[in-house]
Amino acid sequence: MSDRLWIKNPLAMFTLSGQDAGGGVVVQGNRLVELVASGQQPQTAVEHVFDASEHVVLPGLINTHHHFYQTLTRAYPGALNQELFPWLVSLYPVWAGLEPEMLEVATRLALTELLLSGCTTAADHHYLFPAGMEHAIDVQVEAAAQVGTRVTLTRGSMSLGKDQGGLPPQSTVQTETAIMDDSARLISAYHDPNEGAMVQLALAPCSPFSVTTDLMKASAELAGQHHVRLHTHLAETLDEEAFCLKMFGMRTVDYLESVGWLGSQTWLAHGIHFDDDEIRRLGAAGVGVCHCPNSNMMLASGICRIRELEAAGSPVGIGVDGSASNDHSNLISEVRQAMYIQRLRYGAANVTHYDALRWATQGSARVLGRSDIGEIAVGKQADLALFKLDELRFSGHHDPVAALLLCGAHKADRVMVAGQWKVVDGQLPDVDIRALMHEHQQAARRLVAKHGG
């Protein structure tokens, strides 16, 4: 039997389980086995003790939408100061030059950046498969294993190129047969449906303006056969709504229903431009929504109606989105931004720091269809993010949990994934960050140079 670790007497703890854990938590193997009440000792012997008296302890944060490869095109001059469609048109030709080695280092860097911000589980939406990139998801599986975070890797796709009235260059789209064959292969090779899974797979046609109706339907059928989830971008901009009306003669949620996606197996990125009836239908079906506040502000897309979606029954989580529309991969910072932009819509009294932290933990877990993460409770996975309040920005605070967001925490001091410390004293012990950044920057330069940049 593995040793037991007592994370003792935290400065504060946000459990989401409603239980008193003021005395800390006990970890054994990859699980939380005991919550210790304030002023109490563990009920059974522990072999190791970590003094958490200077730490605010959260469930590991969960990122439900990203594009790891986009770390290679942050602050790209040709895409600055534009909204979604022209932003995509400027970047698609650059991204068409992506190579496996570029994706590998981009995945490692993105996951490392997320991990340092307290993120223990991340979903990535990879939909670029130009020639030479046929094994992109395999590359990501290996890279994620090196970093040691949990991942939901989505086998994205694009089949509607410029020649068919879509936005992507033809070199970036694949045939439906190639997409579906590879999707089935990947699910068989990598998807772990069990509690504690480190790798799960989902199917993720990119968006209504980059895939065909037939591909959306085929993806839903394959996902149903293998009991995996579905993911796509939807209702991010008014341009997208107009595109759906022009191409399919229906609004976005009607389109979603027409292709067999209106169900609890689905989660959507952005979900901004839904009317009241659409929100009701999404909630009744249990469709999840990932809120991406920084990206929505940078591209001036709008503000997701989180309160109405939750009230209707939709799980809501948080995502940093791609690092070319954010332009960083810092999840604790994203949680702060989510709180502020939602207050702008609903008022300060109606959106608390607890709400925002819940979206990024318990809410995000529900969005990904997982019940083993996102809370601090007995039996849950030992995924924890520990933050110190020892920087100038926190001096003078009076509520440690509120201070994380209000004072702008941006890095975790300790992060545990599946019972293993991955971040120690704000560092990854086995990772040379400077070497990683150098390798990544060289890849970014090569990618842009291929386009003549």
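## Surface and charges

Let's start on the outside of this predicted model. The accessible surface of the protein chain comes to about 16600 Å². Carbon and sulfur atoms account for 50% of that area.

What about charge? The protein chain carries 33 positive and 50 negative charges. If you take the mean position of each group, the two points are 2 Å apart.

## Overall build

The protein chain contains 14 helices and 17 strands. Its radius of gyration is 21 Å, close to the 22 Å that the globule rule gives for 453 residues, so the chain is as compact as a globular protein of that length. Along its principal axes, the C-alpha trace spans about 65 × 50 × 45 Å.

How much of the chain is buried? Of its 453 residues, 61% count as buried. The contacts tell you something about the fold too: among those between residues at least 6 apart in sequence, 75% join residues at least 24 apart.

## The nonpolar cores

Now step inside. The largest nonpolar core has 119 residues, and the members that touch the most others are Leu58, Trp87, Trp95, Leu98 and Phe274. Which helix gives the most to this core? Helix 2, covering residues 100–116, does so with nine residues. A second, separate core has 16 residues, among them Leu5, Ala21, Ala52 and Ile376.

Trp87 is a good residue to click on. Setting aside neighbours within four places in sequence, Trp87 is in contact with Gln70, Ala79, Gln82, Trp95, Met298, Leu299, Ala324 and Ser325.

## Asn296 and Val378

Where does Asn296 sit? You will find this residue in helix 9, which runs over residues 293–298. Is Asn296 buried or exposed? Its relative accessible area is 1%, so Asn296 counts as buried, the cut-off being under 20%. Not counting residues up to four places away in sequence, Asn296 touches His270, Ile272, His291, Ser301 and Gly302. Pro169 lies 127 residues from Asn296 along the chain, and the C-alpha atoms of the two are separated by 24 Å.

Val378 belongs to the loop between helix 12 (353–367) and strand 15 (384–388). Apart from neighbours within four places in sequence, Val378 is in contact with Leu32, Val33, Glu34 and Leu35. Try finding Glu308 as well: 70 residues separate Glu308 from Val378 along the chain, and their C-alpha atoms are 31 Å apart.

## Unusual backbone spots

Here is a rule of thumb before you look at the backbone. Most residues other than glycine have a negative phi, and most peptide bonds are trans. The next few places depart from that pattern.

What kind of peptide bond joins Asn326 and Asp327? The bond is cis, with omega at about 5 degrees. Asp327 lies in the loop between strand 14 (316–318) and helix 11 (331–346). Asp321 is also in the loop between strand 14 and helix 11. Phi of Asp321 is near 65 degrees, a positive value in a residue other than glycine. With 4% relative accessibility, Asp321 counts as buried.

Ala418 is in another loop, between strand 16 (414–417) and strand 17 (420–423). Phi of Ala418 is positive too, near 55 degrees. Is Ala418 buried or exposed? At a relative accessible area of 18%, Ala418 is buried, because buried means under 20%.

Technical notes:
Residues numbered from 1 in each chain as written. Predicted model: local features only at pLDDT ≥ 70, side-chain atom pairs only at ≥ 80, totals over all residues. Heavy atoms only, no water. Core = buried A, V, L, I, M, F, W, Y, C linked by side-chain atoms within 4.5 Å. Buried < 20%, exposed > 50% of the residue type's maximum accessible area, 1.4 Å probe, protein only. Helix = DSSP H or I, 4+ residues; strand = E, 2+ residues; numbered from the N terminus. Contact = heavy atoms within 4.5 Å. Rg over C-alpha atoms; globule rule 2.2 N^0.38 Å. Areas by Shrake-Rupley, 256 points an atom, 1.4 Å probe, with all protein chains shown as cover. Lys, Arg positive; Asp, Glu negative; His and termini not counted. Charge placed at Lys NZ, Arg CZ, Asp CG, Glu CD.
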